[in-house]
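Colleague: I am new to this structure and would like a close look at a single part of it. Could you take me through the second largest pocket and what surrounds it?

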Amino acid sequence: MSSAASRKHAVFITCLIILWYSTNIGVLLLNKFLLSNYGFAFPIFLTMCHMSACAVLSYISIMFLKIVPVQRIKSRSQFLRIATLSIVFCGSVVGGNISLKYLPVSFNQAVGATTPFFTALFAYLMTRKKEAWATYTCLVPVVAGVIIASGGEPSFHLYGFIMCVGATAARAYKSVLQGVLLSNEGEKLNSMNLMLYMAPIAVVVLLPAALVMEPNVADVVVSLAVEHKFMWVLLLLNSTMAYGANLCNFLVTKHTSALTLQVLGNAKGAVAVVISILIFRNPVTFIGIAGYTMTVMGVVAYGESKRRCK
(Lines give C-alpha, C1' and ligand atoms only; values in the text may rest on other atoms or scores of the structure.)
Protein backbone atom coordinates (compact mmCIF):
# COMPACT_ATOMS: atom_id res chain seq x y z
CA MET A 1 0.00 0.00 0.00
CA SER A 2 1.43 3.40 -0.99
CA SER A 3 1.97 6.17 1.57
CA ALA A 4 -0.89 8.22 0.05
CA ALA A 5 -3.25 5.25 0.24
CA SER A 6 -2.10 4.55 3.81
CA ARG A 7 -2.83 8.15 4.82
CA LYS A 8 -6.28 7.98 3.21
CA HIS A 9 -7.00 4.70 5.02
CA ALA A 10 -5.82 6.17 8.34
CA VAL A 11 -8.02 9.27 7.85
CA PHE A 12 -11.00 7.04 6.95
CA ILE A 13 -10.54 4.87 10.07
CA THR A 14 -10.12 7.97 12.27
CA CYS A 15 -13.31 9.55 10.88
CA LEU A 16 -15.13 6.23 11.33
CA ILE A 17 -14.06 5.97 14.98
CA ILE A 18 -15.08 9.61 15.63
CA LEU A 19 -18.46 8.87 14.03
CA TRP A 20 -18.75 5.70 16.14
CA TYR A 21 -18.18 7.67 19.35
CA SER A 22 -20.52 10.46 18.23
CA THR A 23 -23.44 8.14 17.45
CA ASN A 24 -23.03 5.76 20.41
CA ILE A 25 -22.57 8.50 23.01
CA GLY A 26 -24.95 10.90 21.25
CA VAL A 27 -27.90 8.50 21.32
CA LEU A 28 -27.23 7.74 25.00
CA LEU A 29 -27.13 11.42 26.01
CA LEU A 30 -30.15 12.32 23.88
CA ASN A 31 -32.09 9.43 25.42
CA LYS A 32 -31.29 10.79 28.87
CA PHE A 33 -32.19 14.36 27.86
CA LEU A 34 -35.54 13.36 26.35
CA LEU A 35 -36.54 10.95 29.13
CA SER A 36 -35.40 12.92 32.19
CA ASN A 37 -34.91 16.57 31.31
CA TYR A 38 -37.39 17.15 28.53
CA GLY A 39 -40.57 15.63 29.95
CA PHE A 40 -40.70 12.91 27.27
CA ALA A 41 -41.22 10.13 29.82
CA PHE A 42 -42.11 7.35 27.38
CA PRO A 43 -39.24 4.83 27.10
CA ILE A 44 -41.30 2.22 25.20
CA PHE A 45 -42.49 4.75 22.61
CA LEU A 46 -38.94 6.12 22.31
CA THR A 47 -37.61 2.61 21.67
CA MET A 48 -40.34 2.12 19.04
CA CYS A 49 -39.15 5.32 17.31
CA HIS A 50 -35.59 3.94 17.32
CA MET A 51 -36.73 0.61 15.85
CA SER A 52 -38.87 2.36 13.21
CA ALA A 53 -35.84 4.38 12.08
CA CYS A 54 -33.69 1.23 12.07
CA ALA A 55 -36.28 -0.61 9.96
CA VAL A 56 -36.59 2.16 7.34
CA LEU A 57 -32.88 3.05 7.18
CA SER A 58 -31.78 -0.60 7.14
CA TYR A 59 -34.03 -1.21 4.14
CA ILE A 60 -32.68 1.85 2.31
CA SER A 61 -29.05 0.98 3.15
CA ILE A 62 -29.27 -2.63 2.01
CA MET A 63 -31.81 -2.55 -0.80
CA PHE A 64 -30.84 0.75 -2.44
CA LEU A 65 -27.38 1.80 -1.21
CA LYS A 66 -26.09 -1.82 -1.26
CA ILE A 67 -23.92 -1.35 1.85
CA VAL A 68 -24.01 -5.13 2.24
CA PRO A 69 -25.54 -7.87 0.08
CA VAL A 70 -29.06 -8.79 1.14
CA GLN A 71 -29.38 -12.13 2.96
CA ARG A 72 -32.79 -13.77 2.64
CA ILE A 73 -34.62 -15.67 5.38
CA LYS A 74 -34.59 -19.29 4.24
CA SER A 75 -37.13 -20.97 6.50
CA ARG A 76 -39.99 -20.41 8.91
CA SER A 77 -37.86 -21.72 11.78
CA GLN A 78 -35.14 -19.17 10.98
CA PHE A 79 -37.76 -16.40 11.02
CA LEU A 80 -39.04 -17.59 14.42
CA ARG A 81 -35.48 -17.57 15.81
CA ILE A 82 -34.94 -14.02 14.52
CA ALA A 83 -38.29 -12.99 16.07
CA THR A 84 -37.16 -14.45 19.42
CA LEU A 85 -33.92 -12.46 19.22
CA SER A 86 -35.91 -9.33 18.35
CA ILE A 87 -38.14 -9.67 21.43
CA VAL A 88 -35.13 -10.14 23.72
CA PHE A 89 -33.43 -7.17 22.01
CA CYS A 90 -36.58 -5.07 22.61
CA GLY A 91 -36.49 -5.96 26.29
CA SER A 92 -32.85 -4.93 26.65
CA VAL A 93 -33.34 -1.56 24.88
CA VAL A 94 -36.58 -0.71 26.70
CA GLY A 95 -35.04 -1.66 30.06
CA GLY A 96 -32.01 0.52 29.33
CA ASN A 97 -34.21 3.48 28.37
CA ILE A 98 -36.38 3.04 31.48
CA SER A 99 -33.25 3.04 33.64
CA LEU A 100 -32.10 6.32 32.05
CA LYS A 101 -35.37 7.87 33.21
CA TYR A 102 -34.33 7.28 36.84
CA LEU A 103 -30.52 6.97 36.87
CA PRO A 104 -27.71 9.29 35.77
CA VAL A 105 -25.78 8.21 32.67
CA SER A 106 -22.62 7.71 34.76
CA PHE A 107 -24.23 5.04 36.96
CA ASN A 108 -26.08 3.54 34.00
CA GLN A 109 -22.74 3.00 32.24
CA ALA A 110 -21.18 1.51 35.38
CA VAL A 111 -23.92 -1.14 35.57
CA GLY A 112 -23.81 -1.67 31.79
CA ALA A 113 -20.09 -2.46 32.02
CA THR A 114 -20.99 -5.74 33.78
CA THR A 115 -22.16 -7.22 30.44
CA PRO A 116 -19.15 -9.63 30.27
CA PHE A 117 -20.20 -11.13 33.63
CA PHE A 118 -23.70 -11.94 32.36
CA THR A 119 -22.34 -13.12 29.00
CA ALA A 120 -20.00 -15.58 30.73
CA LEU A 121 -22.85 -16.73 33.00
CA PHE A 122 -25.34 -17.33 30.16
CA ALA A 123 -22.67 -18.92 27.96
CA TYR A 124 -22.04 -21.49 30.71
CA LEU A 125 -25.73 -22.08 31.51
CA MET A 126 -26.85 -22.36 27.87
CA THR A 127 -23.88 -23.92 26.10
CA ARG A 128 -21.72 -25.22 28.96
CA LYS A 129 -18.90 -23.11 27.55
CA LYS A 130 -16.18 -22.72 30.16
CA GLU A 131 -13.44 -20.12 30.40
CA ALA A 132 -10.10 -20.40 32.18
CA TRP A 133 -10.21 -19.71 35.92
CA ALA A 134 -7.99 -16.66 35.38
CA THR A 135 -10.67 -15.27 33.06
CA TYR A 136 -13.44 -15.85 35.61
CA THR A 137 -11.29 -14.24 38.31
CA CYS A 138 -11.24 -11.02 36.25
CA LEU A 139 -15.03 -10.83 36.62
CA VAL A 140 -14.77 -10.38 40.40
CA PRO A 141 -13.74 -6.69 40.20
CA VAL A 142 -16.38 -6.17 37.46
CA VAL A 143 -19.18 -7.08 39.87
CA ALA A 144 -17.47 -5.71 42.99
CA GLY A 145 -16.98 -2.33 41.30
CA VAL A 146 -20.72 -1.97 40.60
CA ILE A 147 -21.56 -2.93 44.20
CA ILE A 148 -19.15 -0.25 45.43
CA ALA A 149 -20.48 2.29 42.90
CA SER A 150 -24.06 1.54 44.01
CA GLY A 151 -23.18 2.33 47.62
CA GLY A 152 -21.54 5.59 46.61
CA GLU A 153 -24.21 6.75 44.09
CA PRO A 154 -26.05 9.87 45.39
CA SER A 155 -28.83 9.46 42.78
CA PHE A 156 -29.41 5.74 43.37
CA HIS A 157 -32.92 4.60 42.43
CA LEU A 158 -33.86 0.96 43.14
CA TYR A 159 -36.35 0.52 40.27
CA GLY A 160 -33.97 2.21 37.82
CA PHE A 161 -31.14 -0.02 39.07
CA ILE A 162 -33.24 -3.19 38.63
CA MET A 163 -34.19 -2.10 35.09
CA CYS A 164 -30.55 -1.36 34.26
CA VAL A 165 -29.34 -4.75 35.55
CA GLY A 166 -32.19 -6.44 33.67
CA ALA A 167 -31.29 -4.59 30.44
CA THR A 168 -27.62 -5.53 30.82
CA ALA A 169 -28.51 -9.18 31.43
CA ALA A 170 -30.90 -9.18 28.44
CA ARG A 171 -28.18 -7.68 26.21
CA ALA A 172 -25.78 -10.46 27.24
CA TYR A 173 -28.49 -13.11 26.87
CA LYS A 174 -29.26 -11.87 23.34
CA SER A 175 -25.61 -12.17 22.27
CA VAL A 176 -25.36 -15.76 23.59
CA LEU A 177 -28.80 -16.67 22.21
CA GLN A 178 -27.81 -15.30 18.81
CA GLY A 179 -24.83 -17.65 18.73
CA VAL A 180 -27.06 -20.59 19.65
CA LEU A 181 -30.05 -19.85 17.38
CA LEU A 182 -28.08 -18.76 14.32
CA SER A 183 -25.24 -21.29 14.61
CA ASN A 184 -26.03 -22.94 11.26
CA GLU A 185 -23.57 -21.59 8.67
CA GLY A 186 -26.30 -21.34 6.05
CA GLU A 187 -28.52 -19.26 8.35
CA LYS A 188 -25.96 -16.85 9.83
CA LEU A 189 -26.74 -13.18 9.16
CA ASN A 190 -24.39 -10.21 9.43
CA SER A 191 -25.46 -7.52 11.91
CA MET A 192 -26.91 -5.25 9.19
CA ASN A 193 -29.20 -7.92 7.74
CA LEU A 194 -30.15 -9.10 11.22
CA MET A 195 -31.24 -5.53 12.05
CA LEU A 196 -33.19 -5.39 8.76
CA TYR A 197 -35.38 -8.27 9.96
CA MET A 198 -35.37 -7.61 13.73
CA ALA A 199 -36.39 -3.93 13.60
CA PRO A 200 -39.84 -4.36 11.94
CA ILE A 201 -40.65 -7.23 14.33
CA ALA A 202 -39.64 -4.97 17.23
CA VAL A 203 -42.01 -2.22 15.99
CA VAL A 204 -44.89 -4.72 15.82
CA VAL A 205 -44.15 -5.82 19.42
CA LEU A 206 -43.57 -2.31 20.81
CA LEU A 207 -46.55 -0.50 19.26
CA PRO A 208 -49.27 -2.34 21.25
CA ALA A 209 -47.00 -2.31 24.34
CA ALA A 210 -46.70 1.50 24.10
CA LEU A 211 -50.47 1.96 23.57
CA VAL A 212 -51.29 -0.21 26.61
CA MET A 213 -48.50 0.81 29.02
CA GLU A 214 -48.15 4.46 27.92
CA PRO A 215 -51.79 5.28 27.00
CA ASN A 216 -51.42 9.08 27.05
CA VAL A 217 -48.28 9.11 24.88
CA ALA A 218 -50.03 10.59 21.81
CA ASP A 219 -51.53 13.54 23.72
CA VAL A 220 -48.30 14.35 25.56
CA VAL A 221 -46.16 14.06 22.42
CA VAL A 222 -48.46 16.44 20.52
CA SER A 223 -48.54 18.96 23.39
CA LEU A 224 -44.74 18.78 23.74
CA ALA A 225 -44.38 19.30 19.98
CA VAL A 226 -46.57 22.43 20.23
CA GLU A 227 -44.67 23.73 23.27
CA HIS A 228 -41.19 22.85 21.98
CA LYS A 229 -40.93 23.33 18.23
CA PHE A 230 -37.62 21.42 18.05
CA MET A 231 -38.95 18.27 19.73
CA TRP A 232 -39.59 16.45 16.43
CA VAL A 233 -36.09 17.38 15.29
CA LEU A 234 -34.61 15.93 18.51
CA LEU A 235 -36.72 12.77 18.20
CA LEU A 236 -35.75 12.30 14.54
CA LEU A 237 -32.06 12.95 15.31
CA ASN A 238 -32.18 10.56 18.25
CA SER A 239 -33.81 7.79 16.19
CA THR A 240 -31.39 8.30 13.29
CA MET A 241 -28.45 8.13 15.73
CA ALA A 242 -29.78 4.81 17.04
CA TYR A 243 -29.46 3.38 13.53
CA GLY A 244 -26.14 5.17 13.02
CA ALA A 245 -24.72 3.49 16.12
CA ASN A 246 -25.60 0.04 14.73
CA LEU A 247 -24.18 0.94 11.31
CA CYS A 248 -20.93 2.24 12.84
CA ASN A 249 -20.58 -0.90 14.98
CA PHE A 250 -20.73 -2.96 11.79
CA LEU A 251 -18.35 -0.71 9.82
CA VAL A 252 -15.75 -0.49 12.61
CA THR A 253 -15.72 -4.30 12.93
CA LYS A 254 -15.53 -4.69 9.14
CA HIS A 255 -12.66 -2.23 8.60
CA THR A 256 -10.70 -2.93 11.80
CA SER A 257 -11.51 -5.91 14.05
CA ALA A 258 -13.85 -7.14 16.78
CA LEU A 259 -11.04 -6.48 19.27
CA THR A 260 -10.88 -2.82 18.21
CA LEU A 261 -14.63 -2.54 18.79
CA GLN A 262 -14.21 -4.07 22.24
CA VAL A 263 -11.43 -1.61 23.16
CA LEU A 264 -13.49 1.33 21.85
CA GLY A 265 -16.47 0.07 23.85
CA ASN A 266 -14.44 0.02 27.07
CA ALA A 267 -13.28 3.59 26.47
CA LYS A 268 -16.76 4.73 25.35
CA GLY A 269 -18.22 4.16 28.81
CA ALA A 270 -15.61 6.40 30.45
CA VAL A 271 -16.00 9.12 27.79
CA ALA A 272 -19.81 9.01 28.12
CA VAL A 273 -19.55 9.30 31.91
CA VAL A 274 -17.31 12.40 31.73
CA ILE A 275 -19.46 14.13 29.08
CA SER A 276 -22.73 13.32 30.90
CA ILE A 277 -21.42 14.72 34.19
CA LEU A 278 -20.36 17.93 32.41
CA ILE A 279 -23.75 18.27 30.67
CA PHE A 280 -26.24 17.08 33.30
CA ARG A 281 -24.22 18.13 36.38
CA ASN A 282 -25.27 15.03 38.33
CA PRO A 283 -23.42 14.67 41.64
CA VAL A 284 -20.67 12.05 41.83
CA THR A 285 -18.65 10.74 44.76
CA PHE A 286 -15.13 9.39 45.09
CA ILE A 287 -16.58 5.97 46.03
CA GLY A 288 -18.75 5.97 42.91
CA ILE A 289 -15.80 6.86 40.66
CA ALA A 290 -13.60 4.26 42.36
CA GLY A 291 -16.26 1.58 41.88
CA TYR A 292 -16.74 2.41 38.21
CA THR A 293 -12.95 2.47 37.64
CA MET A 294 -12.66 -0.97 39.25
CA THR A 295 -15.41 -2.32 36.96
CA VAL A 296 -13.78 -0.94 33.80
CA MET A 297 -10.37 -2.33 34.81
CA GLY A 298 -12.00 -5.72 35.42
CA VAL A 299 -13.64 -5.61 31.96
CA VAL A 300 -10.30 -4.75 30.31
CA ALA A 301 -8.54 -7.54 32.22
CA TYR A 302 -11.34 -9.98 31.27
CA GLY A 303 -11.00 -9.14 27.56
CA GLU A 304 -7.21 -9.49 27.69
CA SER A 305 -7.46 -12.80 29.57
CA LYS A 306 -9.88 -14.20 26.98
CA ARG A 307 -7.59 -13.10 24.16
CA ARG A 308 -4.54 -14.78 25.72
CA CYS A 309 -6.41 -18.03 26.43
CA LYS A 310 -7.51 -18.44 22.79
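Modeller: Happily; here is a walk through that pocket, its lining and the helices around it.

A word on the ground rules comes before the tour. This is a predicted model, in which local features need pLDDT of at least 70 and side-chain atom pairs count only at pLDDT 80 or more, while totals for chains, interfaces and linings use all residues. Residues are numbered from 1 along each chain as its sequence is written, and side-chain values use heavy atoms, with hydrogens and water left out.

Let us begin with the pocket itself. The second largest pocket has a volume of about 210 Å³. A pocket here is an open set of points on a 1 Å grid over the protein atoms alone, where a 1.4 Å probe fits, with protein on both sides within 12 Å along at least five of seven lines. The volume is the space filled by probe spheres set on those points, which are joined across faces, edges and corners.

Its lining is made of 16 residues, and those nearest the centre are Ser106, Val273, Ile277, Ile289 and Tyr292; a lining residue has an atom within 4 Å of a point. Helices H4 (105-112), H12 (258-280) and H13 (286-309) each give two or more residues to this lining. Helices are DSSP runs of H or I with at least four residues, numbered from the N terminus. By type, the lining holds 10 nonpolar residues, five polar and one charged. Nonpolar covers Ala, Val, Leu, Ile, Met, Phe, Trp, Tyr, Cys and Pro, charged covers Asp, Glu, Lys and Arg, and the others, Gly among them, are polar.

Now take the three helices in turn, starting with H4. Eight of the eight residues of H4 are buried, so this helix is largely enclosed by the rest of the structure. Buried means under 20% relative accessible area, exposed over 50%, and partly exposed in between, with a 1.4 Å probe and protein chains only. Ser106 is among the buried residues of H4, as are Val105 and Phe107.

H12 offers two residues to compare. Ser276 is in H12 and is buried, at 0% relative accessibility. Beyond its neighbours within four places in sequence, Ser276 is in contact with Leu29, Val105, Ser106, Arg281 and Asn282, where contact means heavy atoms within 4.5 Å. Val271 also lies in H12, but it is partly exposed, with a relative accessible area of 34%. Not counting residues up to four places away in sequence, Val271 touches Tyr21 and Ile25. Asn24 is 247 residues from Val271 in sequence, yet their C-alpha atoms are 11 Å apart in space.

H13 completes the trio. It has 24 residues and reaches 34 Å from its first C-alpha to its last, close to the 34 Å expected at 1.5 Å a residue; the expected span is 1.5 Å times one less than the number of residues. Its buried residues include Tyr292, Gly288 and Gly291. The buried residues of H13 pack against H4 and H12, as well as helices H5 (115-127), H6 (133-137) and H7 (139-151).

Finally, some wider context. An unreviewed UniProt entry places the feature "domain: Sugar phosphate transporter" at residues 13-302; its positions are in the numbering used here, feature names are shortened, and annotations may be inferred rather than shown by experiment. That span is 81% helix and 0% strand, with its end C-alpha atoms 26 Å apart; a strand would be a DSSP run of E with at least two residues.
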